[in-house]
Amino acid sequence: MKLTFLGAVQTVTGSKYLVQTARQRILVDCGLFQGLKELRERNWLPLPIEVPSLNAVILTHAHLDHSGYLPVLAKNGFRGPVYCTEATRDLCEILLPDSGHLQERDAEFANRHGYTKHKPARPLYTAADAEASLKLLRPVSFGAVHKLDDGLTVRFQRAGHILGAASVWLEEGGISLLFSGDLGRPNDPVMLDPAVAQPADYLVVESTYGNRRHERIDPELSLAEIICSTARRGGSVLIPAFAVGRTQSILYHLQRLKANRRIPDLPVYLDSPMAIDASGIFCRHLDDHKLSDSQCRSLCSIARYVRSVEESKALNGMAMPRIVISASGMATGGRAQHHPLYRLPGSRDSRRRDGEWCVGSHHPRATGACPRHSEQP
Ligand SMILES: [Zn+2]
């Protein structure tokens, strides 16, 4: 068995691991490089393998840095199958076409405004390319042993992290390999705990936050503090959040804070069509997290959904205090990046940026001083 790293090396995106056995070539994860331009440009480089010669792809989870290169692979002649969990399949059905759509939009924008040295600028792939690649997905269940052709055995174990996220255990000829995928925390209020890792001869483990310790803070208390202090000033709170995973966690905490009257009853707007769709998928996969059907429904019911750009723009004109959860992240095109609350906040507003709370235009990193929110709710 031979293992080659084709991404996520000295950076945290672009996860792709080529596993070659005597008879098979398998790609574990098929992620996009994201973030800085020099990283994104790597998505255009050919892979050092004959793409049609790949026998299968295995996805640990749906985040684009693990799945977003799949349309390129399909465009270049890969015909599947792509094994993943059912929830990962469902999330890929919204994430991959959206990724293609954003790339088409960016290419069109670059051509219209002349921001390109390429004539014309082209998308890495289109929404139609992404839709075509979805036909290759083959969902499999957690825990069960799956025999691929020619004796390769695969098992998906829960990894926490996001809906459908798995660690992948592979075995052939008595040699086993475990890919952790992105791992969640134990005792998360929403996600199931990562499973105890199945013993393996070799372990490939993610280390995105491997050099940091989790802060010993109560996220609900911090959230309540910032919301209460901002509401007292008559300001609004902007929370940029990943559409998949983080948004549902924030809605869960907001719903609890409201139910326990620990925050004022401010309107909550979910300003992200993808986060709205992801929340729907979250509520359909009750076996994949800790929340009950009624908890899911109350979590979704606290937010007013903002789908259209017009509705999103209308939010900016509102004078009253509010909580806005908006798309963000390594993926480009998130609405939060263009939201006036984010770029030009009022002095009474609070928004989450670079992992810290900012009040008005005060950014802690810009001054070296972090504004404290010591007021108790
Ligand atoms: Zn992830």
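I count a residue as buried if 20 or more other C-beta atoms lie within 10 Å of its own. With that settled, I went through the model, which is a predicted one.

**Entry 1: the whole chain**

I started with burial: 41% of the 377 residues of the protein count as buried. Then I tallied the secondary structure and got twelve helices and 17 strands. I also looked at contacts between residues with a separation of 6 or more, and 67% of those in the protein come from residues 24 or more positions apart.

**Entry 2: the six-stranded sheet**

I traced an open sheet of six strands next, in the order β1-β2-β3-β4-β5-β6, and noted that its pairing is mixed. Which strands sit at the edges? I find β1 (2-5) and β6 (137-140) there, each pairing on one side only. On average, neighbouring strands of this sheet are turned by 25° against each other, direction ignored.

I then looked for what packs on this sheet. Helix α4, residues 86-113, does, and I see it touching β5 (82-85) and β6. The direction of α4 makes about 105° with that of β5.

**Entry 3: β3 and the strands beside it**

I wanted the mixed pairing strand by strand, so to speak, and picked β3. Do β2 and β3 pair in the parallel or the antiparallel sense? Antiparallel, over four bridges. A hairpin of four residues makes the link from β2 to β3. On the other pairing I checked, β3 (residues 25-28) runs parallel to β4 (residues 56-58), with three bridges between them.

I wrote down the residues that face each other:
- Val19 is opposite Ile26 in β3.
- Ile26 also stands opposite Ala56 in β4.
- Val28 has Ile58 of β4 opposite.

That puts Ile26 across from Val19 and across from Ala56, a handy residue to click on when finding this part of the sheet.

**Entry 4: the five-stranded sheet**

I moved on to another open sheet, with five strands in the order β7-β8-β9-β10-β11 and, again, mixed pairing. Why is one side of β7 and of β11 left without a neighbour in the sheet? I see that β7 (145-147) and β11 (202-204) stand at the edges with a single partner strand each, so there is no neighbour on the remaining side. Neighbouring strands here are turned by 20° against each other on average, direction ignored.

Inside this sheet I looked at β9 (residues 166-172) and β10 (residues 175-179). They run antiparallel and are joined by five bridges. I found Val168 opposite Phe179 in β10.

**Entry 5: the α6 and α7 pair**

I checked how α6 (residues 219-233) and α7 (residues 246-259) pack. Their axes are 10 Å apart and the angle is about 70°. Angles of 65 to 115 degrees count as roughly perpendicular, and α6 and α7 are therefore roughly perpendicular to each other. The crossing of α6 past α7 is right-handed.

Which residues meet here? From α6 I listed Pro219, Glu220, Leu223 and Ala224, and from α7 His253, Arg256 and Leu257. Sorted by class, this contact has four nonpolar residues, one polar and two charged.

**Entry 6: backbone oddities**

I scanned the backbone last. The peptide bond from Gly80 to Pro81 is cis, and I read its omega as near 5°. Pro81 lies in the loop between α3 (70-75) and β5.

I also looked up positive phi values in residues other than glycine. One is Gln10, with phi near 60°. Gln10 belongs to the loop between β1 and β2 (17-20). Is Gln10 buried or exposed? Exposed, because I count 5 C-beta neighbours inside 10 Å, and 12 or fewer is the cut-off for that class.

Asn187 has a positive phi too, near 65°. I located Asn187 in the loop between β10 and β11. Asn187 counts as exposed because 8 other C-beta atoms lie within 10 Å.

Technical notes. Residues numbered from 1 in each chain as written. Predicted model: local features only at pLDDT ≥ 70, side-chain atom pairs only at ≥ 80, totals over all residues. Pairing = 2+ DSSP bridges. Helix = DSSP H or I, 4+ residues; strand = E, 2+ residues; numbered from the N terminus. Axes fitted to C-alpha atoms, helices over the stretch in contact; angles between N-to-C directions. Contact = placed C-beta atoms within 7 Å. Parallel < 35°, antiparallel > 145°, perpendicular 65-115°, else oblique. Left-handed = near helix turned anticlockwise from the far one by under 90°. Nonpolar A, V, L, I, M, F, W, Y, C, P; charged D, E, K, R; others polar.
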